[in-house]
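Dear colleague,

Please find below the structure that I promised to hand over, followed by my notes on what was found in it.

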Amino acid sequence: MSETNTCKGQASRRGFISLLGKMCATTAVCSGVGTVSLESLAAAASSAAGPAAAPAKPEFPVSGPVPEYDWTKHRWAFGVDATRCIGCLRCVEACKVENNVPFNAQDFRTWVERYVYLEGEDKPRVDSQCDPVNIAAAESAQDYRFSNRYRNEKVTKSFFVPKLCNHCENPACVQVCPVGATYKTPDGVVLIDEKYCIGCRYCVQACPYGARYFNEETQTTDKCTWCYHRITKGLKPACVDVCPVQARVFGDLNDPASDISLFIRSHQISVLKPWTGNGPHVFYNGIDGEVS
Amino acid sequence: MGAFMPIADFIVSPYSGYVYPNETVVPWGVLIVIYPYITGLVAGAFIVSSLYHTFRMESFKPVARLALLSALAFLSFAPAALLSHLGHPERSVEAIWTAHWTSAFAAFAYVAGFYAILLVLEIWFAFRVDIVAMSQTSKGALGRLYRILTLGSTDVSEHALAYDRKWTQVLAAVGIAAAFGLHGYVGFVFGSLKSREWWSSDLMPIIFILSAVVSGVAVLVLVYVVSSKVRKTAIDENCMAGLARVLWGFLLVTIVVETLEYVEMFYRRLEGIAMIKQLIAGPISTGIAIQALFSLLPFAIVTMLLARKVRGNALIGWMSVSSVLLMSAVLAMRWNVVIGGQELSKTAKGVLTYIPGLWGREGVVWAITLLCGSFVFLWILARLLPPWERVRMSE
């Protein structure tokens, strides 16, 4: 994953190094010192000769390991249908495995919340798979399940809400990163260059959704990438693939026939914490105002 | 794998209500409490020095140069707290070379760097005549060091000294704005984050600046009293009374503005107010009590000292007591802001309780070491450049 995550930084640095190399070659020739091969001189001359002589420029920056992938042609978005989610937590496990997320109870790229309204109460009881009661039920902090803790209560309403990074239009996390290690790609995905992140955790603070965690092993911040290594190859994120009830929907907003476009058209959707102005791109169906 | 593996940095915080799973490890610990605290000491100490160097308020002359050295000592240790906190401190230089300018953090190196240069320059002008004198009287390595520190400028004629004074005055004037800017910026880092209800406030930079001056004056009082006792020299009563007046003024405004912040919060009764009440009554209750009590009590003491025109040992003793209390109050305020903000969950449905580790890079021991380190460095600086009186020129 780091390969795709670092593509932007590498591309810009590679360009800079290439330019530096050409400048050095030109300087060496002009000053008559150094040993420069005829081939390299010809290459430098042809690239410096201007647009007429240069090969056709690619329409988009090379984006790492998938050169045929054009990130300007897509606008990815994610849908969550809370009316379908059954809280099986296969998505959480799949994400952990797919993305090497530490198998513990405090680091998650995605998680599931349970909202339960009991008779006579106007506020929901909320928990996630990390709740101590649920961990006790799973008998391990590395297995994820919801305990049947309300079996003796009178439940008036309940639903599950999968959560993940919202890949915002105006991401506060990107705004606050002091080195630009986290950035938004042209296809709308917010990524982290783990080889550049200094580990200040300012982005963890700035995210209003709690979507980021600090990875103790890499000493950098980590979060959901919508499985960028998969979607750039035409696959779906791991959590979407494993969901048995299609509660998670993913697709390209530029394609009117995509799953996400159909999902948005056919549901009354909402986003989380719209007042932040971040412009989240995870769209929810079937949640109420208590979900934040 | 990071080259700087922590020992006990990651402690899962207990919580009540509902918090996001990723919130259970508090991202900014005790080091980020120390960072704005130390930076605040810089600002406060510098302001006192400028009252003499810029406005020629003679009563502050005995502490003016001590205040400059104090500011430098604390400023030298503020980045250490930040660097220790980073997962990859070896990459921190990227925040300078490839600064991402939409980030408030990206400005730190530049803001602190500008301030450091200004401070060092002012110190050089303020101590130049002493450095020249010591370069003539000291022998060996120390003599060589002083000769280097003169930067070849050994002219101590009246004309040259007037030039020094002029530059000191200008730099001190610019430094007042820089000191306010530096600490206002630290407040901005917290106040500008809309994700945290406890932090997101327009008053945050102002509160940080005001409390910084209070803590800076307080530390200066203590350093002055302790150093005078150690050196067995008399403490200037006029100076102490002047410091009491500065402390009183800034403390009054600090208490009023902080009270207004709380009153507004409770009067508005926005959605998260129930959780804020839980936070104040729970995890930070001790911190809030210390902050309130140790601010109001010294305010009453200093008011009495000024109203009754108390002088002598009573003035010095009560000012010392007030300063210790105020330094504790401001440290508690930093804790309440930095830690309290993270103990209030972003879900607005739960409250965490941060438990700092003892050892490790983000542990309490290291934080105290950094804090003590700044005082040790001040001691070294005061040995190198005695701020007490002018060194006599050799005949």
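**Two helices of chain B, and the contact with chain A**

At 1.5 Å a residue, the 25 residues of helix 2 of chain B should span 36 Å, and its end C-alpha atoms, at 38 Å apart, agree with this (the expected span is 1.5 Å times one less than the number of residues; helices are DSSP runs of H or I, at least four residues, numbered from the N terminus). This is a predicted model, in which local features need pLDDT of at least 70 and side-chain atom pairs count only at pLDDT 80 or more, while totals for chains, interfaces and linings use all residues. Residues are numbered from 1 along each chain as its sequence is written, and chains are lettered from A and ligands numbered from 1 in the order in which they are written.

Because 19 of its 25 residues are buried, helix 2 of chain B is largely enclosed by the rest of the structure (buried: 20 or more other C-beta atoms, placed from the backbone, within 10 Å of a residue's own).

Helix 7 of chain B, residues 204-231, has 28 residues that should span 40 Å at 1.5 Å a residue, in agreement with end C-alpha atoms 40 Å apart; K232(B), with a positive phi near 55°, follows this helix.

In helix 2 of chain B, V63(B), L66(B), A67(B) and S70(B) meet V219(B), L220(B), V223(B) and Y224(B) of helix 7 of chain B (contact: C-beta atoms, placed from the backbone, within 7 Å).

Finally, 37 residues of chain B are in contact with 38 residues of chain A.

With best wishes

Notes
Contact = placed C-beta atoms within 7 Å. Buried ≥ 20, exposed ≤ 12 C-beta atoms within 10 Å, placed from the backbone.
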